Structure formats: C-alpha cells, structure tokens
Amino acid sequence: MDHGRPAGARRGLQRRDAPLLAADDPVPVTNKDGREFISHQPERNAEGSGNVGVFAAQTSELLGGCGFRGLEAERTEFGYWVASAERGRGIAPRALILLVRWVVENTVAKRLQLHADVENTASQRVAEKAGFTREGVQRGWLEVRGERRDMVSYSLLADEIR
Ligand SMILES: CC(C)(COP(=O)(O)OP(=O)(O)OC[C@H]1O[C@@H](n2cnc3c(N)ncnc32)[C@H](O)[C@@H]1OP(=O)(O)O)[C@@H](O)C(=O)NCCC(=O)NCCS
C-alpha cells in the first residue's frame, strides 16, 4: 500500500541531483563535489548506513536528505543537507528529529552523535534544535577537500529522547 505517497517519491540520489547539494560556505561545495558524494552512496548503504530523502508532499521534488551510519553497534553518527533554495524553513531539524526517533526505536543505538564544522553555524543550529548537546571542539577532526577542519561535536543519548 502506498499510504498516499506521491508517485516517484521513493528514489535514491541521482547524479542530476548534484546542484541541490551545492553550498557556498563555510566550505564551498561544487556540483562536482555533489556528484562525488552521490557516487559513494551505494558503498555507504552497503556499510549499513541509512539515508532518507525529504520530498515535497505535493510535487515529489527532492528537498534534502538525512542519514546515519553506525560506527560501532551502539554509536551512530548523523548528517544532513537541504537544497539551497529550501534552507531556513526548518526542514533539516524536522528530518533529523524523525530519523533520530526511528534509529532509537529500531536499532541498538545508545549514543547519537554528529559533527558540525566550527564555521557552519546553520548545521550547529540544526543539532541544537533537534535536542543534541554541544560537547566541544574536536581539532583537525576531518579532512575536507584537502584541509583539516575543526568540528564541534554534539551528542544525544537514547535515554534523553521521549
Ligand atoms: C545545515 C543545513 C542542513 C540547515 O538546514 P535547514 O533546513 O535550512 O535548517 P533550518 O531551517 O533549521 O535553519 C538552520 C540555520 O540556518 C541558517 N539559515 C536560515 N535561513 C537560511 C537560508 N535561507 N540559507 C542558509 N542558511 C539559513 C540560520 O542560521 C538558521 O538558524 P536559525 O533558525 O536559528 O536562524 C543547510 O544549511 C545545508 O544543507 N547546508 C549545507 C550542508 C551542510 O552543511 N550539512 C551539515 C553537515 S554536518
């Protein structure tokens, strides 16, 4: 049964979606970067990560995405993105809250975590709106296009939900 979902809503990211992922700051993301991210989705899914798309109810247009990957059985890392034209409407926090709830109810995850670039205020706001606690800055946490970036770490414990 389709539960009224618009036709075509269930689809994975495709190469043509790359411009939706493009961003100007804090680290510029180009269409080429977007295509590379999309090309790695199959292996991420094979590793046991999960990704959901956010679609407009009326048009089935892809608005953004939210995903997680299990680091070890009980720790799960989250990430998210929203198409440039759709930002500022609270899409990412709503998607994150729903996915967090699903993960807690359907997996053994006990610690949910995410990392946001120190300059990525928008991402930090999403974490805070979804109830994550800021823990501190992890220096040189990740290499992003050839540059080691400091990241703010956030966590939410399964017991803190509900
Ligand atoms: C981070 C991101 C997912 C936020 O999604 P969103 O659905 O716009 O989230 P919100 O609507 O809750 O807005 C979050 C913050 O973005 C900023 N913002 C508001 N309007 C905005 C706009 N039109 N454009 C960009 N940022 C905006 C504000 O700081 C806002 O916080 P506030 O509500 O306290 O003012 C989105 O900016 C994005 O896709 N960025 C590029 C990818 C990325 O950085 N992902 C996170 C990796 S950890």
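**Exercise 1. Find the residue of β6 that is the bridge partner of V144, then describe how β5 and β6 are joined.**

Solution. Let's start at V144: its bridge partner in β6 is E147. Now widen the view to both strands of this predicted model. β5 and β6 run antiparallel and are joined by 8 bridges. The connection is a hairpin, with 2 residues between the strands. While you are at the turn, check the backbone of R145, where phi is positive at about 45 degrees.

**Exercise 2. Decide whether strand β5 is largely in the open or not, and say why.**

Solution. First, take the range: β5 covers residues 133–144, which is 12 residues. Next, apply the burial test, where a buried residue has 20 or more other C-beta atoms within 10 Å of its own. The number of β5 residues that pass is 0, so the strand lies largely in the open.

**Exercise 3. Work out which elements build the largest nonpolar core, and which one gives the most.**

Solution. Begin with the members: the core has 30 residues, and those touching the most other members are Y80, A95, L96, V100 and A127. Then assign residues to elements. At least two core residues come from each of α1 (18–21), β2 (62–72), β3 (75–82), α4 (91–106), β4 (111–117), α5 (121–129) and β6 (147–157). The top contributor is α4, with 6 residues. To finish, zoom in on A95: beyond its neighbours within four places in sequence, A95 contacts V54, G64, C66 and Y80. As a general reminder, nonpolar side chains tend to be buried together in soluble globular proteins.

**Exercise 4. Describe the shell around the ligand: which residues are closest, which element supplies the largest share, and how do the residues divide by type?**

Solution. The ligand is surrounded by 20 residues, the closest being R87, G88, A92, A122 and R125. Sorting by element, β3, α4 and α5 each provide at least two residues of this shell. The largest share, 6 residues, belongs to α5. Sorting by type gives 10 nonpolar, 6 polar and 4 charged residues.

**Exercise 5. Judge the confidence of the chain, and locate a stretch where pLDDT stays under 50.**

Solution. Start with the whole chain: the mean pLDDT is 84, and 84% of the residues reach 70 or more. Then look at residues 1–9, where pLDDT stays under 50 and the model has 6 contacts beyond four places in sequence. Where pLDDT is low, the predicted coordinates should not be read in detail.

Methods: Residues are numbered from 1 along each chain as its sequence is written. This is a predicted model: local features need pLDDT of at least 70, side-chain atom pairs count only at pLDDT 80 or more; totals for chains, interfaces and linings use all residues. A nonpolar core is a set of buried Ala, Val, Leu, Ile, Met, Phe, Trp, Tyr and Cys residues joined through C-beta atoms within 7 Å. Helices (H or I, at least four residues) and strands (E, at least two) are DSSP runs, numbered from the N terminus. Two residues are in contact if their C-beta atoms, placed from the backbone, lie within 7 Å. A residue is near a molecule or strand if its C-beta atom, placed from the backbone, lies within 6 Å of it. Ala, Val, Leu, Ile, Met, Phe, Trp, Tyr, Cys and Pro count as nonpolar, Asp, Glu, Lys and Arg as charged, and the others, Gly among them, as polar. pLDDT is the predictor's confidence in each residue, from 0 to 100. Two strands pair if DSSP finds at least two bridges between them.
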